[in-house]
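Q: How should annotations, cysteines and chain symmetry be read in a structural model? Please take each topic in turn.

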Protein chains: 2
Amino acid sequence: MKHNFGAGPGILPHEVLKQAAAAVVDFNGIGLSLLEISHRSAEFEAVLDEAVKLVKELLEVPEGYSVLFLQGGASTQFAMVPYNLLPSTGKAAYVESGVWANKALKEAKFFGEVDVIASSKESNFTYIPKDYTVPADAAYLHLTSNNTIYGTQLHEFPASSIPVVCDMSSDIFSRKINVADFGIIYAGAQKNMGPAGTTLVIVKDEILGKVDRKIPAMLNYRVQIEGGSMYNTPPVFAIYVSMLTLNWLKSKGGVEAIAKENKAKSKVLYDEIDRNPMFKAVCAVEDRSDMNVCFVMENPELEKPFLKLCDEKGIVGIKGHRSVGGFRASIYNALPITSIYVLVDAMQEFAEKNK
Amino acid sequence: MKHNFGAGPGILPHEVLKQAAAAVVDFNGIGLSLLEISHRSAEFEAVLDEAVKLVKELLEVPEGYSVLFLQGGASTQFAMVPYNLLPSTGKAAYVESGVWANKALKEAKFFGEVDVIASSKESNFTYIPKDYTVPADAAYLHLTSNNTIYGTQLHEFPASSIPVVCDMSSDIFSRKINVADFGIIYAGAQKNMGPAGTTLVIVKDEILGKVDRKIPAMLNYRVQIEGGSMYNTPPVFAIYVSMLTLNWLKSKGGVEAIAKENKAKSKVLYDEIDRNPMFKAVCAVEDRSDMNVCFVMENPELEKPFLKLCDEKGIVGIKGHRSVGGFRASIYNALPITSIYVLVDAMQEFAEKNK
């Protein structure tokens, strides 16, 4: 058995995978594969409706927000957000908490002025910048809620008088959020929501339509809202598997229940990292992520042998990102706490052996 | 058993679906689902490499072209093409052969001047416009090789001194084409290539980089080429199933072999439509598509009862597009000729009963 700590595309619930596989051969007993039916069929429309309903239910999305399933990943949102929200004579405020935030702000520069109001770049993003004032004259404030590469997470969102746009790719559905505090939330599916190939966008309708620029249809939130995520053929399979995963989450008790589990999981692992003299965490304690736990070894020469031990125990995907090194254990919703115990056991066993 | 004449997402080979389903549970015996492995893993990189290789092999793509698997469908290409190729002071030539061509040219208008050099709109697109001169001073000529809704197909591509950009969404891999004649070929996967969720783009490298405009990374062909379709997380599953489908096509003898089968299939059906006094084809004989066969009934009141008969015989997806009415039998690569015989039998049985 494998223990999948991969950073994404990441682990999905086993029962979801079994259902998805069945639908690829015969969808709901209709004698056709999910992959070969029209996206305009009643069967798929029911899937999309259910997926949207589950997002609204699980995140308690208030009135006045639209829920979209798009293509192109968060990287397309990096451009789509300023395309729709940043006037060419205006400015947008960005908090640079990692490489993805940096990519987002670079795209925004194509469309208007970008004010990087805070950055932790000088420390290789080991903490979440917090001391800043949100400029009241900016079109929006852009945040990244969880920084997969560095293992930092925004545990408290700043107060803001301007719309807050947040990339939640790596922690959406892992904890309770107050959607009403945001103008746009976007997230690539491939961490907590489903497979790669679709992107969730939750957008407050009233913030749209304030920019003069002509926007290509596929990049225009209003066109996508009007088309109900079906302006063109949507990524049918990715949406279906996301729907199944959200249904699984609901059956587990929703985001509050999973948030408790996630906290418990990350605590077991951080406790071991802090206790075990062979390992150390890399980022600011108060900003530690409950999704991606990054750590290194006191003696870097032991990292390879430890990876080898992990491999023997079926622990996969924990090699750290090249820009941080060491290890990154991604512990998304679908990862059972038993996998954490296996990792902790391996850390203890390794420390014992290499005393 | 179902006979799937759906226009798209359309029929896929049964063995491809079985392989895809197996990979969703356990990919190549690695103990993990294809959906939960990193797109940077050796396993997925091999899939993407193989998919690119198969495209090059099946279409005999010459040197100097890049093969991309992107997201966003042909509709994103409608904007991406002019974004990358149409200078803001330049113009592009479009042949308007259907609603999709019309959508493409509308997007181009956001970026520069659009010269609609020919259109069959006045006849509800029942033929392919042919009498036109390609303006030598345009940045490119845009064509649609097959018009799914109307059942017309470009059987001979026009000579052009400027780069030809062609939307081949509904007939790619159905026949031999000379890639060297094109600047860009693009196609949503969900007809002949795979499931919805990825878009094939074949681009001649030398036509890029001639426009001053700043292009968002995800919409920039050069960025996508440099990233090898992995500038960000690609649509893993859709690419995998496309690879399987292309492999299936190769095992069938490639595009020349399938083109013969497709011709044979369409001939059986058109022959019956022409012979059977109850039915008639809707578009110009010389422009008839080998992919989408559109036909109506002499007596429109009999269309509903005929659909009912089809339903009884397991014939699905043949209701015509609302803008044409009647019937549309999409007979993509994966549809066996036996399904055509079942449809023809139904037409004969119906005509006999309703004499």
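The dialogue below treats an annotated residue, then the cysteines, then the symmetry of a predicted model.

Q: Where does UniProt place the feature "binding site"?
A: An annotation is first located in the chain and then set in its surroundings. The unreviewed UniProt entry assigns this feature to R40(A), a residue in the loop between α1 (14-25) and α2 (42-58) of chain A.

Q: Is R40(A) buried or exposed, or partly exposed?
A: R40(A) has a relative accessible area of 48% and is partly exposed.

Q: Which residues is R40(A) in contact with, leaving aside neighbours within four places in sequence?
A: The contacts of R40(A) are with E45(A), M230(A) and Y231(A).

Q: How many disulfides are there over all chains?
A: The test is a distance: two cysteine sulfur atoms must lie within 2.5 Å. By this rule the count is zero.

Q: Why is there no bond between C294(A) and C283(A)?
A: The sulfur of C283(A) is the closest cysteine sulfur to that of C294(A), yet at 6.6 Å it is too far for a bond. C294(A) is buried, at 3% relative accessible area. In chain B, the sulfur of C310(B) has its closest cysteine sulfur in C294(B), 14 Å away and too far for a bond; C310(B) is likewise buried, at 1%.

Q: What turn lays chain A on chain B?
A: One reads the turn together with the shift along the axis. A turn of 180 degrees with a shift of 0.0 Å superposes chain A on chain B with an RMSD of 0.0 Å. That is the relation of a two-fold axis. In chain A, the C-alpha of A21(A) is nearest the axis, 2.2 Å from it.

Q: Through which surface do the copies meet?
A: The copies meet through the same surface, because 100% of the interface residues of chain A are also interface residues in chain B.

Note on methods. Residues are numbered from 1 along each chain as its sequence is written. Chains are lettered from A and ligands numbered from 1 in the order in which they are written. This is a predicted model: local features need pLDDT of at least 70, side-chain atom pairs count only at pLDDT 80 or more; totals for chains, interfaces and linings use all residues. Side-chain values use heavy atoms; hydrogens and water are left out. UniProt positions are given in the numbering used here, feature names are shortened, and annotations may be inferred rather than shown by experiment. Helices (H or I, at least four residues) and strands (E, at least two) are DSSP runs, numbered from the N terminus. Buried means under 20% relative accessible area, exposed over 50%, partly exposed in between (1.4 Å probe, protein chains only). Contact means heavy atoms within 4.5 Å. Copies are superposed by least squares on the C-alpha atoms of residues with pLDDT of at least 70 in both.
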